[in-house]
Amino acid sequence: MAMAAIALTVFVMFILSQMVLYIQIKRMEKAKEYKEITQDYILPYLNEIFLFLELKLDVRKETGVPMIDINPEEIVTKLQEKIRYGNARILNALYRYFNSAAYFEGRGEAKNLATYDVFYHFLDHAYHIIEKSGFKDGELLGNIEKWQKIYGMAFVLTSILGNDEAIKILSFRWLWSPDFLNKIPFHLLDDLIDNYNHSTMEEHKLLEFLAILKKDFQKSPEIDRFQELKNYLEEAFMIVEKRWLNYSS
């Protein structure tokens with residue numbers, strides 16, 4: 001009996017050691033996979049994606065000469081070429097992008113929305129991959145979160161007012177501050193973008209988003225200098241409220 005007990009103990013220990021070894025190997029394989037995705041798919045495009053929207057929002061562009069030009073179509077094409085490193089959300093966003101490019105849309109907003117859509121979901125993917133990789137860095141992750149939220153706001157505001165108006169609103173840089181961005185939940189942006197893409201965007205959630213924007217905007221000490229932006233927000237409220245009333249009637 002003693003020998004049987006010892007043999008059973010040894011067998012159990014062997015099984016446990018094999019399980020631990022298997023888990024370690026899998027963890028190493030995953031770490032290698034995350035590192036590869038980070039090196040080949042995330043890091044090469046992050047700075048360009050950050051800068052693309054930052055340059056559009058820079059008020060100096062009205063008087064200065066841009067020293068760098070970032071072509072979003074080239075970035076999107078590269079993301080498509082390496083889609084094996086992406087996820088389902090990026091794949092769907094890329095499909096919407098190339099589908100929008102296949103048709104002429106009068107205001108050109110379909111292409112703008114599709115670009116913001118791709119970059120929003122790319123940055124979401126980038127955050128979660130880098131967080132699990134050896135490249136994890138607090139400042140980098142903070143920048144990814146910041147620009148993902150700004151792209152999300154650009155998408156939502158463009159869907160209501162148009163891209164020119166959205167850019168004018170977002171060029172007011174207090175919107176980029178952590179104090180403000182922390183009040184915009186990712187789940188709200190995810191919901192608004194996903195439902196817009198499925199033609200089921202709910203007006204009360206749009207009003208919730210605009211209410212957050214308006215509340216902080218009115219607290220700004222510089223509000224009197226930005227009457228035009230205040231007017232855009234009022235217009236956005238009226239558009240969404242009118243749409244809601246039309247759907248409800």
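**A surface patch, a nonpolar core and a set of salt bridges**

On the surface of this predicted model, Leu 51, Leu 55 and Ile 68 come together as a nonpolar patch, and their combined accessible area is about 210 Å². One of these residues, Leu 51, belongs to helix α1, which covers residues 2-57. Leu 51 has a relative accessibility of 30% and so counts as partly exposed.

The interior offers a contrasting view. In soluble globular proteins, nonpolar side chains tend to be buried together. Here, the largest nonpolar core holds 72 residues. Within this core, Phe 122 and Phe 209 are the residues that touch the most other members. The surroundings of Phe 209 can be followed residue by residue: once neighbours within four places in sequence are set aside, Phe 209 is in contact with Met 153, Val 156 and Leu 157, and also with Ile 184, Leu 188, Leu 189 and Leu 192.

Attention now turns to charged side chains. Across the whole structure, six salt bridges were found. One of them pairs Lys 111 with Glu 73, with 3.2 Å between the closest N and O atoms. Lys 111 sits in helix α4 (residues 109-132) and Glu 73 in helix α2 (residues 72-81), so this salt bridge ties together parts of the chain that lie 38 residues apart in sequence. Both partners can be placed by their accessibility: Lys 111 is partly exposed at 24%, and Glu 73 is also partly exposed, at 42%.

A further salt bridge joins the side chains of Lys 205 and Asp 191, with an N to O distance of 3.0 Å. This pair, too, links distant parts of the chain, as Lys 205 lies in helix α9 (residues 203-219) and Asp 191 in helix α8 (residues 186-197), 14 residues apart. Asp 191 has a relative accessible area of 23% and is therefore partly exposed.

Lys 205 has another partner as well. Glu 202 forms a salt bridge with Lys 205, and the closest N and O atoms of these two residues are 3.0 Å apart. With a relative accessibility of 31%, Glu 202 counts as partly exposed. Through salt bridges that share partners, Asp 191, Glu 202 and Lys 205 are joined into one network.

Methods. Residues are numbered from 1 along each chain as its sequence is written. This is a predicted model: local features need pLDDT of at least 70, side-chain atom pairs count only at pLDDT 80 or more; totals for chains, interfaces and linings use all residues. Side-chain values use heavy atoms; hydrogens and water are left out. A nonpolar core is a set of buried Ala, Val, Leu, Ile, Met, Phe, Trp, Tyr and Cys residues joined through side-chain atoms within 4.5 Å. Buried means under 20% relative accessible area, exposed over 50%, partly exposed in between (1.4 Å probe, protein chains only). Contact means heavy atoms within 4.5 Å. A salt bridge is a side-chain nitrogen of Lys or Arg within 4 Å of a carboxyl oxygen of Asp or Glu. Helices (H or I, at least four residues) and strands (E, at least two) are DSSP runs, numbered from the N terminus. Patches are made of residues with over 30% relative accessible area and no salt bridge: like charges are joined within 9 Å, nonpolar side chains (Val, Leu, Ile, Met, Phe, Trp, Tyr) within 5 Å. Accessible areas come from the Shrake-Rupley method with a 1.4 Å probe; for residues, only the protein chains shown count as cover.
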